[in-house]
Amino acid sequence: MKKIAILNGPNLDRLGKREPEIYGSATLGDLEKALLAEFGTRADLLFFQSNHEGELIDRIAKLADSKYDGIVINAGALTHTSVALRDALLGAHVPAVEVHISNIYKREEFRHTSLTAPACVAVIAGLGLEGYHAAIRFLVGK
Ligand code: CA2
C-alpha cells in the first residue's frame with residue numbers, strides 16, 4: 001500500500017468554521033473522513049495540520065526518512081512566503097502535489113505567486129476539497 005501524507009498549513013484547522021463562501025462548510029475532520037472513505041483500503045493515509053512553519057518542515061523531513069510515496073500539501077499562506085518549505089519539499093525527494101481549495105489566481109495578487117509550486121509535481125487550485133481527492137488519486141495511481 002502506498003503511504004501518502006496530507007499536510008495542511010496555517011489556519012486550515014479553521015476550515016468550515018469561517019469564510020464558508022471561499023472555503024466551503026466542511027471541516028478538516030469531514031475532509032479526512034471523506035478521504036479515508038475513498039482511499040482507506042488502497043492507501044495508508046497520514047493527516048497532519050500545523051499552524052507552524054517549522055513543524056511542517058520537520059514533518060516533511062520525517063516523511064522522507066520514512067520513505068513516503070507521496071505528499072499532498074496545502075501550505076495555506078506559507079505557499080506565498082516560505083522559501084524554507086520549498087527547500088524542505090525539494091530536499092525530500094517525495095512526489096508532492098500542491099492543493100488550494102480556492103482558485104488563488106482569481107484572488108488578491110499576492111496569492112498569485114507560489115514559492116512551493118516549483119518543488120511539486122503538480123498544482124490543483126479552485127476545485128474545493130475535491131482537489132485533495134484528485135491529488136491522492138494521482139499519487140496512488142503513479
Ligand atoms: O485556497 C487555499 O486552499 C489556500 O491555500 C488557503 C489559505 C490561503 O492563504 C491561500 O492563499 C489559499 C488560507 C487558509 C485559511 O483557511 C481558512 C479556512 C477557513 C476559515 C478561515 C481560514
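In this predicted model, the lining of the largest pocket is made up of seven nonpolar, eight polar and five charged residues. The volume of this pocket is about 380 Å³, and among the 20 residues that line the pocket, those closest to its centre are Pro10, Leu12, Tyr23, Gly76 and Arg111. The largest pocket is also the space that the ligand takes.

Around the ligand itself there is a shell of 17 residues, of which Asn74, His80, Ile101, Ser102 and Arg111 are the closest. Sorted by class, this shell holds seven nonpolar, six polar and four charged residues. Arg111 thus appears both among the residues closest to the centre of the largest pocket and among those closest to the ligand.

For three of the residues closest to the ligand, a polar side-chain atom can be paired with an oxygen atom of the ligand, as the table sets out.

| Residue with polar side-chain atom | Partner | Distance |
|---|---|---|
| Asn74 | oxygen atom of the ligand | 2.8 Å |
| His80 | oxygen atom of the ligand | 2.7 Å |
| Ser102 | oxygen atom of the ligand | 2.6 Å |

Beyond these individual contacts, the ligand has 500 Å² of accessible area on its own, and the protein covers 96% of that area.

Methods. Residues numbered from 1 in each chain as written. Predicted model: local features only at pLDDT ≥ 70, side-chain atom pairs only at ≥ 80, totals over all residues. Heavy atoms only, no water. Near = heavy atom within 4 Å. Polar contact = N/O pair within 3.5 Å; in protein donor to acceptor, adjacent residues only side chain to side chain. Areas by Shrake-Rupley, 256 points an atom, 1.4 Å probe, with all protein chains shown as cover. 1 Å grid on protein atoms, 1.4 Å probe; cavity = no way out; pocket = protein on both sides within 12 Å on 5 of 7 lines; lining within 4 Å. Sits in = over half its atoms within 2 Å of the grid points. Nonpolar A, V, L, I, M, F, W, Y, C, P; charged D, E, K, R; others polar. Points joined across faces, edges and corners; volume = space filled by probe spheres on them.
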